[in-house]
Amino acid sequence: MKAKPPFETVVRDHGPTVFRVCRAIVGADDADDAWSETFLAALKAYPDLPDGTNFEAWLVTVAHRKAIDLTRTRTRQPIPTDVVPETPNPRSGESFGDLAAAVGRLPHKQKHAVAYHYLAGLPYDEIAEVLGGSAAAARRASSDGIATLRRIYLKGETHE
């Protein structure tokens with residue numbers, strides 16, 4: 001088995017993939033924070049990883065957990081406002097401004113399966129390990145997510 005590379009090499013090789021995953025899960029505004037938290041946690045755990053670890057899959061798993069933590073933290077913080085905005089009606093005919101917004105509106109498993117497969121390049125069996133379930137379920141969630149994105153984003157249909 002090969003010895004582990006220096007941590008800096010792991011960051012250089014997998015940092016862009018982790019950033020794309022973070023951005024797909026938490027959005028552009030929080031992606032930097034999720035990326036930083038991922039690599040801080042990874043740095044602490046790195047010395048104890050066994051040789052031969054699939055670093056990309058491991059980092060995507062860490063990023064997934066950090067993104068969930070960040071999302072929970074953000075949703076628990078109050079947002080001061082003088083005016084309460086109207087809740088947008090998803091059936092009102094609004095269109096998605098960009099693909100990132102469309103991905104962000106997918107159901108949880110579809111969003112993560114699309115991000116992990118198409119942005120991180122993970123195979124479905126590794127996605128199943130991260131999300132729980134089978135490779136077939138991960139493939140189906142990804143396929144359903146892409147079908148929804150095509151219908152909504154490319155054809156301009158409303159999100160239902």
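This briefing describes the pockets, the nonpolar core, the salt bridges and selected helices of one structure. The structure is a predicted model. Its largest pocket has a volume of about 240 Å³, and its largest nonpolar core contains 34 residues. Two salt bridges are present in the structure.

**Largest pocket**

- The residues lining the largest pocket are R20, R23, A24, L99, A100, V103, V114, Y118, L119, I146 and L149.
- Two or more residues of this lining come from each of α1 (7-26), α4 (99-104), α5 (108-119) and α7 (135-154).
- Sorted by class, the lining of the largest pocket comprises nine nonpolar and two charged residues, with no polar residues.

**Second largest pocket**

- The second largest pocket holds about 170 Å³ of space.
- Twelve residues line the second largest pocket, and those nearest its centre are R23, G27, A100, A101 and G104.
- At least two lining residues of the second largest pocket are supplied by α1, and at least two by α4.
- The largest share of this lining is that of α1, which contributes four residues.
- The lining of the second largest pocket divides into six nonpolar, two polar and four charged residues.
- R23 and A100 appear in the lining of the largest pocket and also among the residues nearest the centre of the second largest pocket.

**Nonpolar core**

- Within the largest nonpolar core of 34 residues, the members that touch the most other members are Y46, W58, L59, Y116, L122 and I127.
- The elements giving two or more residues to this core are α1, α2 (28-45), α3 (55-76), α5, α6 (124-131) and α7.
- The element that gives the most to this core is α3, with nine residues.
- As a general background, nonpolar side chains in soluble globular proteins tend to be buried together.

**Helix α5**

- Helix α5 has twelve residues, which at 1.5 Å a residue should span 16 Å; the end C-alpha atoms of α5 are 16 Å apart, so the expected and modelled spans agree.
- The buried residues in α5 include Q110, K111, H112, A113, V114, A115 and Y116.
- Of these buried residues, V114 also lines the largest pocket, while Y116 is one of the core residues that touch the most other members.
- After α5 comes G121, which has a positive phi near 75 degrees.

**Salt bridges**

- One salt bridge joins the side chains of R12 and D13, with an N to O distance of 3.3 Å.
- R12 counts as exposed because its relative accessibility is 57%, above the cut-off of 50%.
- D13 has a relative accessibility of 43% and therefore counts as partly exposed.
- The other salt bridge links the side chains of R140 and D144, at 2.9 Å from N to O.
- R140 and D144 both belong to helix α7, where they are four residues apart, or about one turn of the helix.
- An α-helix has 3.6 residues a turn, so residues three or four places apart point the same way.
- R140 is exposed, because its relative accessible area is 55%.
- D144 counts as partly exposed, because its relative accessibility is 25%.

**S143 and its link to α5**

- S143 is located in helix α7.
- With 41% relative accessibility, S143 counts as partly exposed.
- S143 and Q110 are 33 residues apart along the chain, and their C-alpha atoms are separated by 8.1 Å.
- Q110 is among the buried residues of α5.

Definitions and conventions
Residues numbered from 1 in each chain as written. Predicted model: local features only at pLDDT ≥ 70, side-chain atom pairs only at ≥ 80, totals over all residues. Heavy atoms only, no water. 1 Å grid on protein atoms, 1.4 Å probe; cavity = no way out; pocket = protein on both sides within 12 Å on 5 of 7 lines; lining within 4 Å. Points joined across faces, edges and corners; volume = space filled by probe spheres on them. Nonpolar A, V, L, I, M, F, W, Y, C, P; charged D, E, K, R; others polar. Expected span 1.5 Å × (residues − 1). Buried < 20%, exposed > 50% of the residue type's maximum accessible area, 1.4 Å probe, protein only. Salt bridge = Lys/Arg side-chain N within 4 Å of Asp/Glu carboxyl O. Core = buried A, V, L, I, M, F, W, Y, C linked by side-chain atoms within 4.5 Å.
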